[in-house]
Amino acid sequence: MKRYAVFLFYLMAASVCMHGAAPCTDHGYDCESDGDLLVMFWNLENFFDWTDSGTSASDREFSSAGERHWTKGRFYVKCRSVAKTVMWAGSRYGRMPDVAGFAEVENGFVVRSVIFTAALEKYGYAAVHYDSCDPRGIDVALIYRKDVFRCKWSRPYRIAAGGVFLATRDILHVCLERRDGGERYDFIVNHHPSKYGGEKESYPRRIAAMSCLRHIADSLLEAGHCRVVAMGDFNDTPDGDAFRITEDVLHDMSADMCGTGKGTIRYQGKWELIDNFLVSDDIGGRSSMEICRPPFLLVPDSSYPGMKPFRTYSGPRYAGGVSDHLPVVLKIKGIKTDEIHCM
């Protein structure tokens, strides 16, 4: 009966609206590549610039004059910390992330401020971002290395349930083409509605978001785009009912971690795995997922045994950390030219 309810919500929420596709105009560089890829996703927790643009209460709160006293200096400390983590991943996995998705960024300026830090500027990242209708003023974004990929197009999808658009983050789709082989990858960045207000009350919103993701994946696969990578903060663990909606089209790369005590966010002393990768068949058999645990992103948990993510704020107090989430990475093995059979 529970599974029937899930798919009933899926049918009700299947109405989605797609913004017009936007071509990308990056200028790339030549490089050699072994065909492997490294993809990262990270929820950056309330990553606002320091100015009050008058767009939301959160925008005012995270400003120089706001109650958080979020200053220009603190903003750039966080930019450098994010860049340091990307660099750490490059050292840990033997290559810089070719693509990274972010959640909870206020605007394109925030994303560009990260990729133009002294640490990352030389790697030639480009950014893709669209403003959404989220009431807090936070969006998703994607960055990619211009020496590895050229951007074919990008578009945001608004999430709807029963024909009504939800005031939440859009889902971002970016189609990238490899410069060394021409194969295309479709990256889909998600930040699904939270359980704020209660899990039962918010359940239909998360079902609508997962249904929108299913719609995007179905459309891409039917069009012959076989390399689909969905990433994001799904605000649900892999054993949640919402994941049943996509299980026959996208592989859950965190399935083996479920129930092992591993996670990306810690709540009351327990890790929860809500940041994840879902991939198409072509990717699933040659990829693996890991949770990044750089030591500088963790601090002792004062309330429970063990460590927890190092947040920017501890309550109202500035702590100097980065996020209440840990990043995740997807390692994709390259394919030979004669094995390419799809777009």
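I count a residue as buried when its relative accessible area is under 20%. With that cut-off in hand, I opened this predicted model and went to helix H4.

**Entry 1: helix H4**

I looked up which residues of H4 are buried, and found Gly108, Val110, Val111, Ser113, Val114 and Ile115. That is six of the eight residues in the helix, so I noted H4 as mostly covered. I then asked what covers the buried residues of H4. My list includes the strands S2, S3, S4 and S5, along with helix H3.

I also checked how H4 begins. A side-chain oxygen of Asn107 comes to within 3.2 Å of the backbone nitrogen of Phe109 at the start of the helix.

**Entry 2: Ser113**

Ser113 sits in helix H4, and I wondered whether to call Ser113 buried or exposed. Its relative accessibility is 9%, so I put Ser113 down as buried, the cut-off being under 20%. I looked for a polar partner and found the backbone oxygen of Phe109, 2.7 Å from a polar atom of the Ser113 side chain. Setting aside neighbours within four places in sequence, I found Ser113 in contact with Phe75, Tyr76 and Cys79.

**Entry 3: H3 against H4**

Next I took the helix pair. H3 and H4 pack with their axes 8 Å apart, at an angle of about 55°. I call H3 oblique to H4 because of that angle. The crossing of H3 past H4 is right-handed. On the H3 side I listed Phe75, Tyr76, Cys79, Val82 and Ala83 as making the contact, and on the H4 side Phe109, Val110, Ser113 and Val114. A reminder to myself: an α-helix has 3.6 residues a turn, so residues three or four places apart point the same way.

**Entry 4: the sheet**

I traced the strand order of the open sheet and wrote S4-S5-S3-S2-S21-S16, six strands with mixed pairing. Which strands are at the edges? They are S4 (125-129) and S16 (287-291), each of them pairing on one side only. Ignoring direction, I get an average turn of 20° between neighbouring strands of this sheet.

Then I checked how the helices lie on the sheet. H3 (residues 72-93) packs on the sheet and touches S2 (37-47), S3 (99-105), S4, S16 and S21; its direction makes about 160° with that of S2. H4 (residues 108-115) packs on the sheet too, touching S2, S3, S4 and S5 (139-145), and its direction makes about 165° with that of S4.

**Entry 5: the two edges**

At one edge, I found S4 paired with S5 in the antiparallel sense over five bridges. Tyr125 stands opposite Arg145 in S5. S4 is mostly covered, with four of its five residues buried.

At the other edge, S16 runs antiparallel to S21 (residues 328-332), and five bridges join the two. Here I noted Ser287 opposite Ile332 in S21.

**Entry 6: Gly321**

Last, I looked up where Gly321 is, and found it in the loop between S20 (317-318) and S21. Its relative accessible area is 4%, so I recorded Gly321 as buried. Apart from neighbours within four places in sequence, Gly321 is in contact with Phe310, Arg311 and Thr312. I also took the distance to Val77: the C-alpha atoms of Gly321 and Val77 are 9.1 Å apart in space, with their positions 244 residues apart in sequence.

How values were computed: Residues are numbered from 1 along each chain as its sequence is written. This is a predicted model: local features need pLDDT of at least 70, side-chain atom pairs count only at pLDDT 80 or more; totals for chains, interfaces and linings use all residues. Side-chain values use heavy atoms; hydrogens and water are left out. Two strands pair if DSSP finds at least two bridges between them. Axes are lines fitted to C-alpha atoms, for helices over the stretch in contact, and angles run from 0 to 180 degrees between N-to-C directions. Contact means heavy atoms within 4.5 Å. Buried means under 20% relative accessible area, exposed over 50%, partly exposed in between (1.4 Å probe, protein chains only). A polar contact is a pair of N or O atoms within 3.5 Å; within protein, one must be able to donate a hydrogen and the other to accept it, and residues adjacent in sequence count only if both atoms are side-chain atoms. Angles under 35 degrees count as roughly parallel, over 145 as roughly antiparallel, 65 to 115 as roughly perpendicular and the rest as oblique. A crossing is left-handed if the near helix is turned anticlockwise from the far one by less than a right angle, and right-handed if clockwise.
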